[in-house]
Structure formats: structure tokens, C-alpha cells
Amino acid sequence: MKMRNPPVNSLSLEFLTELLISLEKLESDKAFHAIILTSDCPGIFSAGLDLMEMCGRDPTHYAEYWKAVQELWLRFYLSHLVVISAINGVNAAGGCLLALSCDYRVLADNPKYAMGLNETLLGIIAPFWFKDTLVNTVGHRTAERALQLGLLFPPAEALQVGMVDKVVPEDQVLSAARSELAQWLAIPGHARQLTKSLMRKPTADRLLKERDADIQNFVRFISRDAIQKALRVYLEKLKQKKT
Ligand SMILES: CCCC/C=C/CC(=O)SCCNC(=O)CCNC(=O)[C@H](O)C(C)(C)COP(=O)(O)OP(=O)(O)OC[C@H]1O[C@@H](n2cnc3c(N)ncnc32)[C@H](O)[C@@H]1OP(=O)(O)O
């Protein structure tokens, strides 16, 4: 699955919906057993959630958007397919969450390709299920520091803290993901799938139980004047970087 939403693979509502439909199609076709998730945008895996979907819109839109974000995470996190990410670019916040939801992560060895949950740098807060996914991957202490400081880890550090499983030269990221896949596909499918579910269901269930409340929290939070202002300032900074 090659993500293509130029220039930065931001996860707009339309793009999230496209990803969901693609995932559902692959999951319902018995011929498919695995997905390698990568990017078609040079140097960028994903810039995360689309800030334009969270800025200057109405509460109904925020609720619709957040429901789609939840759905994408739940579907990827619990997918019965083997999902491996071949991370071939910088990968922020919501994009990092998507990679963390995979079964295995290969990152291209380029110091520019940092990844992490950097929400605090925008003045926003990673929701509890973003946090849980990170804690499940790197452990509580590393997650606590990374989340508070909004750290984006370059490849060597991402490997060291366990945010990714392998770092390889840039031209080998896809072939390394394919080689890894062979090991996962050699395991009896039902045993691997049930074990994945055993490990992940409690985390997913936390969101499933509080899904509506989580949407309401998001809408309330994102609609606050101070948060809208912080997002506008951040977007402005991104634009000014060019001048
Ligand atoms: C309770 C609330 C919880 C909400 C949770 C939110 C989680 C998130 O995912 S928030 C999003 C966090 N993402 C980021 O902080 C990444 C921001 N982007 C960047 O740092 C850079 O764009 C980049 C390193 C990814 C790429 O840099 P590059 O120099 O190649 O490109 P740019 O010139 O910066 O960007 C091109 C173009 O794209 C716009 N853009 C970038 N990121 C986003 C985004 N996340 N959403 C919407 N639009 C984005 C950027 O403004 C540029 O637009 P213009 O061409 O119109 O200037």
C-alpha cells in the first residue's frame, strides 16, 4: 500500500477514507495475507493528521473527522493481516501512530527521517490511545519523555528506543520489509492472528468503550479558541519556513 497524498501525505478526511477502503478491500480478499505500508511522496512518510481538517471548521466536521481517525487506527491496529511499515521519510504524529499500529517497522537510514508523536510542539495533546500505542511499543518511561517533549527520533535513536525494529539503507527499505514478511507468513495464520488479538484487544477495547466520549472530548478541545490559535500559528510557521 503506497500512500500518495502530495505534498506531505497529510491524513485528510478524504485520504483517511481512501486508506480505510483500501484496507477493507485487502482484508476481505482471501488471497491477501499481508500489507507493506509505505509512501509514494519523496522524503515524507506522513505529516500526520491534516491540520486543515482541525482548523476553522465546525463541530460536526470535527466529529466526523475524529471518527474516521479512530476507525483507521482500530482497523490497522487490529488487522488480521500482517502489516509491516517501510518508512521512507519523515513521519510525524498521526503518521507515526499509523506506523506504530503495524506489526513491524523498517526505517530508512536518513537523518532527516525523524519520527514520533510531536503533538505537544503544536500545543495539542496526544489522545490516550495514541499514548497507549506508544507505551506498548517503547515502554512507559520512554513514552513519557517522548510525549511530553514531542520528540521526533532520528533513525539511530528510533531503533535504540524500540520505536522501529530495523534501520536499513534507504534503497533497501522495501526489500528489508519483504524479507521480514517471510518470517511472519511462515507462522500458522490462525495462531498468529489470535496472538495479535490477545496482545492488542485490551488497548483497542479501551477506545471502543469510550468512543463517543473520545469524539466529544476531541471536538470540545479542538474548538477552543486557544487551540485554534495555536494550530494557526503552527501552520503559519510551516508556511514561513519557505520564505
Ligand atoms: C486532541 C487533539 C489531538 C490531535 C492529534 C493530532 C495528531 C497530528 O497528527 S497533528 C499533525 C502533526 N504534524 C506535524 O507536526 C508535521 C507538520 N509538517 C512538517 O513538519 C513538514 O511539513 C514536513 C517535515 C512533514 C515536510 O516538510 P517540507 O519542507 O517537505 O514541506 P512543507 O513546506 O513544510 O509542507 C508542504 C505543505 O504541506 C503543508 N502541511 C505540512 N504538514 C501538514 C499537515 N499536517 N496538515 C496540513 N498541511 C500540512 C504545509 O503547510 C505546506 O503547505 P503550503 O504549500 O500551502 O505552504
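**Spaces and ligand**

Q: Which residues line the largest cavity?
A: This is a predicted model, with local features needing pLDDT of at least 70, side-chain atom pairs counting only at pLDDT 80 or more, and totals for chains, interfaces and linings using all residues. Residues are numbered from 1 along each chain as its sequence is written, and side-chain values use heavy atoms, leaving out hydrogens and water. On a 1 Å grid over the protein atoms alone, a cavity is a set of points where a 1.4 Å probe fits but can't get out, and a lining residue has an atom within 4 Å of a point. For the largest cavity, those residues are L11, L16, L49, V69, L72, W73, G94, L97, L98 and S101.

Q: How much space lies in the largest cavity?
A: Searching the whole structure turns up one cavity of 30 Å³ or more. A volume here is the space filled by probe spheres set on grid points, which are joined across faces, edges and corners. For the largest cavity, that comes to about 70 Å³.

Q: Which helices each supply at least two residues of the lining of the largest cavity?
A: Helices are DSSP runs (H or I, at least four residues; strands are E, at least two), numbered from the N terminus. Two of them make the cut here: helix 2 (59-77) and helix 3 (93-100).

Q: What space does the ligand take?
A: A pocket is an open set of points with protein on both sides within 12 Å along at least five of seven lines. A molecule sits in one if more than half of its atoms lie within 2 Å of its grid points. The one with a volume of about 1200 Å³ is the largest pocket, and the ligand's space is that largest pocket.

Q: Which element gives the most to the lining of the largest pocket?
A: Of the 42 lining residues, A47, L49, L51, L122 and Y234 are closest to the pocket's centre. Elements giving two or more residues include strand 3 (43-46), helix 4 (128-138) and helix 9 (211-223). The top contributor, with six residues, is helix 9.

Q: How far is an oxygen atom of the ligand from a backbone N or O atom of L49?
A: A polar contact is a pair of N or O atoms within 3.5 Å. The G94 backbone has one with a ligand oxygen at 2.9 Å, and the side chain of N118 has one at 3.0 Å. For the L49 backbone, the distance to a ligand oxygen is 2.7 Å.

Conventions:
Polar contact = N/O pair within 3.5 Å; in protein donor to acceptor, adjacent residues only side chain to side chain.
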